[in-house]
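Trainee: Please take one strand and go through its surroundings closely. I want its partners and its ring contacts.

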Amino acid sequence: MNTRLAILCSLLLATAASAGSVTVAVKPEVQKKSADIVKEEYATANWLRVRITNTSPTKLEGVTLKWALYAANLRRGADSVTVEKSGDMTITVDSNGRYLDVETPKVVFEYVRTHSERSGRRSYKLVEESGKKYHGYHVQVVSGSTVLGEAFSESVRKQLK
C-alpha cells in the first residue's frame, strides 16, 4: 500500500513540476538578397524558425510569442547593438509533448564592408564599413507577466547581461 501511495505522490509531484514547462528551439535562417562584390555592398534577409514544445499536461492557450532580431551598427565609432525588428503573436500549443512551428517575418539587413575604391589614376580612397548587420535573436514565450520559456543567441545573451 505504501508503495502505491509513494508512486502516486511521485507522479503528482512530477506533473506539478512539469506544469508550464515549455521548450523553445530556434533555427536562424538567412538568405542572401544581393551582393555587389566590387563595392562590398551586401543585403541579407534573416528570419527565425521557432519550435515551441509544451511538455506539460495542460494546453497553453492565448500565450504570447515575443521575438526580436538584433543588428550591429557598423558605422565607425557607433559600436552598438540594437533591436532591428521585433514582434509578437498569440499562439496555442497542445499538451503532452505537442509542438508548434512558427516562422517570423523576414528582416533585411544592409551593410557595406570596409574596402578601397579607385579615386584617380594611381590613388585609392578607403571606404569604411557602414550599415547594419545581423547580430542575433531573442525569443520568449510569455503568459501574462510570466516567462514560460525563452531562447537567445550567444551574442545577444552577452548583451543582455
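Mentor: What follows is a close look at strand β9 and the aromatic pairs. This is a predicted model, where local features need pLDDT of at least 70, side-chain atom pairs count only at pLDDT 80 or more, and totals for chains, interfaces and linings use all residues. Residues are numbered from 1 along each chain as its sequence is written, and side-chain values use heavy atoms, with hydrogens and water left out.

Strand β9 covers residues 130-143. Strands here are DSSP runs of E, at least two residues, numbered from the N terminus. Two strands pair if DSSP finds at least two bridges between them. β9 pairs with β3 (residues 60-73), antiparallel, over 10 bridges. Trp67 has Val139 of β9 as its bridge partner. β6 (residues 107-112) also runs antiparallel to β9, joined by two bridges. There Val112 faces Ser130 of β9. With β10 (residues 146-152), β9 shares six antiparallel bridges. Val142 is bridged to Val147 in β10. Two residues separate β9 and β10 in a hairpin, and Gly144 in its turn has a positive phi of about 65°.

Now the rings. The whole structure holds two aromatic pairs (Phe, Tyr or Trp ring centres within 6.5 Å, using the six-membered ring of Trp; planes under 30 degrees apart are stacked, over 60 edge-to-face, the rest tilted). Tyr42 and Tyr111 are stacked, because their centres lie 5.7 Å apart and their planes meet at 25°. Tyr42 is in β2 (residues 41-54) and Tyr111 in β6, so this pair ties together parts 69 residues apart in sequence. Tyr111 is buried at 9% relative accessible area (buried is under 20%, exposed over 50%, partly exposed in between; 1.4 Å probe, protein chains only). Phe109 and Tyr134 form an edge-to-face pair, 5.8 Å centre to centre with 80° between planes. Phe109 lies in β6 and Tyr134 in β9, 25 residues apart. Phe109 is buried at 1%, whereas Tyr134 is partly exposed at 25%.

How values were computed: Helices (H or I, at least four residues) and strands (E, at least two) are DSSP runs, numbered from the N terminus.
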